[in-house]
Amino acid sequence: MVKFSKELEAQLIPEWKDAFVNYWQLKKQIKKIKLSRIPKQPHHNHDIPQDTNVVGDFGRSIFDPVRFTAKKLFSDKLFDSDHHNKAELIQVKRKIMENGEEEEIYETELAQLFSVEDEVTIFFERLDEELNKVNQFYRTKEGEFLERGEILNKQLQILLDLKQILKDRRWKNSPSKLNSSASVPSSWASSPRSSDYTESANDDELNKETPMESSETDEAIAALERNGLNVLNAELRTKSKKGKPKMAMRIDIPATTPTRTISAVTSALWEDLVNNPRKEGHGEYINRKKIQCAEKMIRGAFVELYRGLGLLKNYSSLNMVAFVKILKKFDKVSNQQASANYLKAVKRSYFISSDKVVRLMDEVESIFIKHFANNDRKKAMKFLRPQQQKDSHMVTFFVGLFTGCFVSLFSVYAILAHLSGIFSPTTETAYMDTVYPVFSVFALLSLHLFMYGCNLFMWKNTRINYNFIFEFAPSTALKYRDAFLICTTFMTLVVGAMVVHLILRASGFSPSQVDTIPGILLLVFIALLICPFDIFYRPTRYCFIRIIRNIIFSPFYKVLMVDFFMADQLTSQIPLLRHMETTACYFLAGSLKKHQFETCKSGRLFNELVYVISFLPYYWRAMQCARRWFDESDPNHLANMGKYVSAMVAAGARITYSSRGHHNHLWFSIVLVTSVVATVYQLYWDFVKDWGLLNPKSKNPWLRDDLILKNNSIYYMSMALNVVLRVAWVETVMNFRHVGAVESRLLDFLLASLEVIRRGHWNFYRIENEHLNNVGKYRAVKTVPLPFRETDSDG
């Protein structure tokens with residue numbers, strides 16, 4: 001049977017952990033009570049024979065108040081003022097706060113007064129503190145969710161009013177309206193969803209910014225004024241060139257796509273440079289597309305509200321069970337049934353007696369089913385209560401199977417490579433020029449997947465809510481077993497292809513035929529990545545493609561946590577990108593077939609592309625920082641962008657120094673200065689900003705106050721390891737190697753692997769720090785921006 005402490009730790013909301021009952025501290029206090037109850041063994045002293053009785057009486061007298069509470073076990077008059085001669089176990093006092101609000105403060109008074117050091121008194125004092133803490137947190141969160149629910153109801157009513165206006169406009173623009181005598185329903189509650197407009201005949205008319213009659217404008221203003229948006233009076237009454245009023249309003253659609261970003265920037269520049277700021281704003285014309293975006297935002301906000309209400313309901317039930325369990329332990333230690341009165345007070349407390357959360361959940365369900373699921377409850381529950389993906393033992397089985405196959409095949413490959421002498425300096429370099437880059441791409445990718453699987457495993461074991469941080473759907477999010485399965489599958493197929501390639505080379509097949517095997521393998525994996533069928537983790541594959549698209553067009557897409565996290569991974573995979581450049585050169589230019597290897601070594605275009613490939617990951621990351629600064633106006637993002645610019649300069653200097661030879665003292669000095677500056681910049685950002693460490697005022701010396709790992713030495717060792725792996729560039733600059741071309745390639749692969757390992761090591765502490773930031777702010781639910789903005793009527 002699982003202990004409740006472990007069950008509580010597994011089920012509590014990680015971001016609200018500090019707000020839960022400190023069950024573990026109360027258990028320690030129970031143990032202290034148990035130890036204090038054990039009678040002390042008397043010393044064998046015949047001069048003082050009465051010691052035993054004195055100690056025994058003392059051991060029994062500690063629990064006299066508990067015996068007193070047992071007499072009142074079946075009494076419901078806990079707060080009855082008629083029993084002045086009987087001490088009350090619990091008193092609930094109402095304290096008037098400075099802001100005029102009443103707050104229930106629970107204080108336990110025992111039947112007899114004890115000294116401050118008495119363990120029973122300390123236990124009930126801490127129990128009162130925990131109960132007051134839970135009540136206060138529950139009341140605060142409940143108020144936040146209720147306020148959010150009121151705002152969403154108002155937003156939904158505005159949305160439905162605007163959809164009804166669009167429906168009326170379509171009705172008037174319809175060519176068949178003259179032949180129809182049907183009337184348009186006026187109630188917004190019966191208006192259809194915007195996604196139900198499937199007629200394509202009037203889509204262009206709906207999206208046009210057509211002027212409206214004065215009566216329709218007044219109707220729209222009246223509908224919006226009912227919902228508190230007085231600001232729209234000025235924005236709605238904008239006139240067209242013909243002098244007729246146009247229908248316009250302010251809808252804040254986040255600029256998450258390139259089209260919206262360009263539109264937002266253009267609109268802002270036009271308003272600042274062309275329009276007179278003293279005049280009335282030009283507004284944003286209402287069309288069907290904007291209404292659909294607004295509906296999607298409001299739907300997402302309702303989903304997050306429902307999720308938050310479910311978390312708060314779970315918070316209430318878990319804390320109630322914790323109080324029941326700890327009081328049962330107290331009864332067991334004291335050999336009394338003294339917890340009944342306290343449990344009555346707990347059940348009457350606010351976090352148990354309030355039913356506002358349950359009623360609001362029912363209301364959100366009914367609203368979502370009616371307006372966002374077309375009265376289909378099953379469809380609505382897929383959004384509100386997504387099913388968790390169950391762990392499959394088959395995944396674990398295949399991970400073990402492919403791991404064994406990989407080890408066996410790699411052993412076979414090592415033996416064949418030694419026998420064929422492909423890594424010998426005396427053999428031809430064709431193998432290292434053609435096959436090695438392709439297989440290195442898969443090896444580095446598989447290593448990165450393995451490190452990501454280790455990250456997922458550690459985040460799960462340390463209760464880090466990475467799905468919430470990355471905004472992954474729990475039903476389709478990748479788990480650590482899945483990451484290990486993808487990794488082992490890749491490596492098994494790659495090593496198997498390497499073994500087949502060596503066997504065919506040894507059998508006498510022509511190199512032009514055999515060397516196409518790596519290319520075929522690469523095409524197979526690309527086809528699997530874009531495969532539209534729902535096989536082999538399609539949600540994860542498409543999510544990866546979407547993130548890569550967001551990274552490539554970084555300035556134009558809104559930057560999310562998962563976007564810049566993946567962009568940071570790409571900065572550690574520059575060798576992989578350069579191997580892909582070499583592979584593309586051989587295959588696309590036909591060099592592999594003709595074995596003209598110099599084309600992809602000394603060509604001018606190829607050498608220029610080396611700079612581009614080395615700069616791109618840093619450029620993308622810098623553009624993400626610029627976009628985040630544009631959205632949030634936080635100067636820290638500009639400072640972070642400077643880090644990636646310094647890395648670009650250092651990378652360009654090292655490439656130039658390598659191409660000009662290792663005897664150019666000027667470029668050596670430039671490389672040394674730029675690399676040292678970039679490395680110090682990166683280490684400072686790693687430790688202080690990304691990991692949140694090196695705090696001199698922390699209770700943990702030079703770390704931070706909150707640490708997930710219990711052993712502080714792990715953090716010091718991690719910082720030292722990060723420093724060592726960050727300065728691996730010294731080997732490429734100082735020219736320590738005096739080896740052949742084959743050994744040089746293998747050494748480059750080793751350094752690239754160490755950078756991937758460093759990135760995987762960095763990932764854990766980066767997400768740990770992000771999780772602790774969420775915990776400090778009790779942020780367990782995503783805040784979805786709302787489309788309709790309330791401002792003052794002055795504009």
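This is a short group-meeting talk on three helices in the structure above.

Okay, hi everyone. Keep in mind that what we're looking at is a predicted model.

Let's start with one residue, Asn455. You'll find Asn455 in helix H16, which covers residues 430-461. So, buried or exposed? Its relative accessibility is 4%, and buried means under 20%, so Asn455 counts as buried. And what does Asn455 touch? Leaving out residues up to four places away in sequence, the answer is Gly760, Asn763 and Phe764. With Asn763 there's also a polar contact, side chain to side chain, at 3.3 Å.

Next up, helix H21, residues 538-552. Here's a quick check you can do on a helix. H21 has 15 residues, and at 1.5 Å a residue they should span 21 Å; the end C-alpha atoms are 21 Å apart, so that agrees. Which residues of H21 are buried? Those are Arg541, Cys543, Ile547, Asn550 and Ile551. As for what covers them, that includes helix H20 (516-529), helix H22 (561-571) and H26.

That brings us to H26 itself, residues 604-632. Run the check again: 29 residues at 1.5 Å each should span 42 Å, and the end C-alpha atoms sit 42 Å apart, which agrees. But look along H26 and you'll see a kink of about 40° at Leu616, shortly before the proline Pro617. Then, just after H26, we get to Ser633, where phi turns positive, at about 55°.

That's it from me, thanks.

Key. Residues numbered from 1 in each chain as written. Predicted model: local features only at pLDDT ≥ 70, side-chain atom pairs only at ≥ 80, totals over all residues. Heavy atoms only, no water. Helix = DSSP H or I, 4+ residues; strand = E, 2+ residues; numbered from the N terminus. Buried < 20%, exposed > 50% of the residue type's maximum accessible area, 1.4 Å probe, protein only. Polar contact = N/O pair within 3.5 Å; in protein donor to acceptor, adjacent residues only side chain to side chain. Contact = heavy atoms within 4.5 Å. Expected span 1.5 Å × (residues − 1). Bend = angle between axes of the 7 residues up to and from the residue.
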